[in-house]
Amino acid sequence: MSEKLIKKLNDRISSNETAIGGIEEEIPKQDETINEFTQIVIPIDNEVVSITSQINGLKNQIVVLSQQAYSVGCGTTSGATTIYPDTVQTYSENMTSSSYDGADPFGGQSNTLLTSSNVGVGTFLVYNQDDSSQSGIGTLYASISSCNNSLLGCNSTVCTGYASSIAALESQIPPLRAQLPNKISDSNAIKTERRYSQTERYGQKNGLATLNQRNSDMKSVIGVINRQ
């Protein structure tokens, strides 16, 4: 009786080992596919980072000009606004990591700002215009084209010049923003397809761990049976 049972267990172990060998051959192939998607998406994400950086660079120049104008008496704090950066968030799930083989593959969602240091990572991108969750870049004073503090020797021509310069910078932002939706959509399309491969890799690694554990358990049981 015990010999028959041990043979059945050994047959299962052998079958599992065959399956393990097959899975171990497939995981590197999956890694290669995932890497190919990543290499395609990196330059797209780099473009997104570059455009967002240009937008925020213009916003910074606007803040500097606004401060300069206010310092010579142009503009007013009444109606002043805080300038916030435009940001792109990259979202990730547990199983997007090549080293992850635990439970809850679609959980542990985290998000960080997309920068040049993490292009290509994550599951999808989200663009946030004037992201008030971030620290403000600075203040844009109101009515910059008008003198509001004559004690500083305010000159209306100077104020008009500042206002014109700020308006010129502001006009450069919408065309840059208009480029982002398509690029982010392209990035997300590639990352969505890559996510299927990442899910398959997770399934393979999880299956591998399960089969190895089953074999370990059955070998332990065989040892127990042999001692009876």
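1. Cys74 is buried in this predicted model. Its relative accessible area is 0%. That value is under the 20% cut-off, so Cys74 falls in the buried class.

2. The partner of Cys74 is Cys159, and a disulfide joins them. The S to S distance is 2.0 Å. Cys159 is buried too, with a relative accessible area of 0%.

3. The torsion about the S-S bond of Cys74 and Cys159 is -85 degrees. This link is left-handed. It ties together distant parts of the chain. Cys74 sits in strand S1 (residues 74-83). Cys159 sits in helix H2 (residues 156-226). The two cysteines are 85 residues apart.

4. A disulfide also joins Cys147 to Cys154. Here the S to S distance is 2.3 Å. That lies within 2.5 Å, so the pair counts as a disulfide.

5. The torsion about the S-S bond of Cys147 and Cys154 is about -85 degrees, so this disulfide is left-handed.

6. Are Cys147 and Cys154 buried or exposed? Cys147 has 35% relative accessibility and counts as partly exposed. Cys154 has 18% relative accessibility and counts as buried. The reason is the cut-off: Cys154 is buried because 18% is under 20%. Cys147, at 35%, lies between the 20% and 50% limits, so it is partly exposed.

7. On the overall pattern: the structure holds two disulfides. With the bonded cysteines of the chain numbered in sequence order, the pairing is 1-4, 2-3.

Definitions and conventions. Residues are numbered from 1 along each chain as its sequence is written. This is a predicted model: local features need pLDDT of at least 70, side-chain atom pairs count only at pLDDT 80 or more; totals for chains, interfaces and linings use all residues. Side-chain values use heavy atoms; hydrogens and water are left out. Helices (H or I, at least four residues) and strands (E, at least two) are DSSP runs, numbered from the N terminus. Buried means under 20% relative accessible area, exposed over 50%, partly exposed in between (1.4 Å probe, protein chains only).
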